[in-house]
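Please look over the model shown here and read the report that follows alongside it. The text deals in turn with the packing of helices, the core, the sheet and some single residues.

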Amino acid sequence: MMNKYERHIFICTNRRDEDNKKGCCARNGASEIRDAFKEAVSKRGLKGKVRANQSGCLDACSFGTAVVVYPEGIWYSVPRPEDAVEIVEKHLIKGEIVEHLLIPRSWAKP
Ligand code: FES
C-alpha cells in the first residue's frame, strides 16, 4: 500500500492538571512547538509530503515537548520553537538526525 505522506511528525500537546506529578508537554510550550513545525513544513514547501500532527501523550512526558518522526521512529525532545525549525531543516530536508535533541536511547528500551 502506498503512503499518502513521506513522513509524519507527531507532536504531543497533552495537558494534565497542574498538580499531576507526571507533568505534560502542554506546560512545556507544546502548542508553540506544534505551530513552529506546521509553519516550517509549510514554508519549506513540504506540505503534501510531510504531515505535522498534534498528538496525545506519547509516554515520554519527562522529555516534553515529546516529538516522534515516522517512518524512521526518531524521538526528539523539543524545548523551543527554533528547535522544531532545526528538525525540519536538518532531518526532514537533509535527512540528518539532530543528535542534540534526541531522546536518549536508554529510554526506549523495554
Ligand atoms: S504528556 Fe507529552 S509525552 Fe506524555
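Val88 is in contact with Phe37, Ala40, Val41, Arg44 and Ile93, once its neighbours within four places in sequence are left aside. The structure is a predicted model, and what is said of these contacts rests on that prediction.

Val88 also takes part in the packing of two helices, since the contact between them is made by Glu32, Ile33, Ala36, Phe37, Ala40 and Val41 of α1 together with Pro81, Ala84, Val85 and Val88 of α2. By class, this contact of α1 with α2 comprises nine nonpolar residues, one charged residue and no polar ones. The two helices, α1 and α2, pack at an angle of about 35°, and their axes are 8 Å apart. The crossing in which α1 passes α2 is right-handed.

**The nonpolar core**

The largest nonpolar core has 26 residues, and those with the most contacts inside it are Ile9, Ile11, Ile33, Phe37, Val67, Ala84 and Val88. Two or more residues of this core are given by each of the elements β1 (7-12), α1 (30-43), β2 (50-55), β3 (66-70), β4 (74-77) and α2 (81-94). It is α1 that supplies the largest share, six residues.

**The sheet**

Four strands form an open sheet in the order β2-β1-β3-β4, and their pairing is mixed. Because β2 and β4 stand at the edges and have a single partner strand each, one side of each is left without a neighbour in the sheet. Direction ignored, neighbouring strands of this sheet are turned by 20° against each other on average. The table sets out the pairings, with one pair of facing residues for each.

| Strands | Sense | Bridges | One residue pair |
|---|---|---|---|
| β1 and β2 | parallel | six bridges | Cys12 and Ser55 |
| β1 and β3 | antiparallel | four bridges | His8 and Tyr70 |
| β3 and β4 | antiparallel | four bridges | Val68 and Trp75 |

In the hairpin of β3 and β4 there are three residues between the strands, and Gly73 takes a positive phi near 70° in this hairpin.

**Two residues in their surroundings**

Val68 lies in strand β3, where the bridge partner of Val68 in β4 is Trp75. Not counting residues up to four places away in sequence, Val68 touches Phe10, Leu58, Gly73, Ile74 and Trp75. Although Val68 and Ile11 are 57 residues apart in sequence, their C-alpha atoms are 6.9 Å apart in space. Is Val68 buried, partly exposed or exposed? Val68 is partly exposed, because 18 other C-beta atoms lie within 10 Å, whereas a buried residue needs 20 or more.

Leu92, for its part, has its place in helix α2. With 21 other C-beta atoms within 10 Å, Leu92 is buried, since the cut-off for a buried residue is 20 or more. When neighbours within four places in sequence are left aside, the residues in contact with Leu92 are Arg7, Leu46, Val50 and Ile87. Of these, Arg7 falls within β1 (7-12) and Val50 within β2 (50-55). Leu92 and Gly45, which are 47 residues apart in sequence, are 11 Å apart in space from C-alpha to C-alpha.

Note on methods. Residues are numbered from 1 along each chain as its sequence is written. This is a predicted model: local features need pLDDT of at least 70, side-chain atom pairs count only at pLDDT 80 or more; totals for chains, interfaces and linings use all residues. A nonpolar core is a set of buried Ala, Val, Leu, Ile, Met, Phe, Trp, Tyr and Cys residues joined through C-beta atoms within 7 Å. A residue is buried if 20 or more other C-beta atoms lie within 10 Å of its own, exposed if 12 or fewer, and partly exposed in between; C-beta atoms are placed from the backbone. Two residues are in contact if their C-beta atoms, placed from the backbone, lie within 7 Å. Axes are lines fitted to C-alpha atoms, for helices over the stretch in contact, and angles run from 0 to 180 degrees between N-to-C directions. A crossing is left-handed if the near helix is turned anticlockwise from the far one by less than a right angle, and right-handed if clockwise. Ala, Val, Leu, Ile, Met, Phe, Trp, Tyr, Cys and Pro count as nonpolar, Asp, Glu, Lys and Arg as charged, and the others, Gly among them, as polar. Two strands pair if DSSP finds at least two bridges between them.
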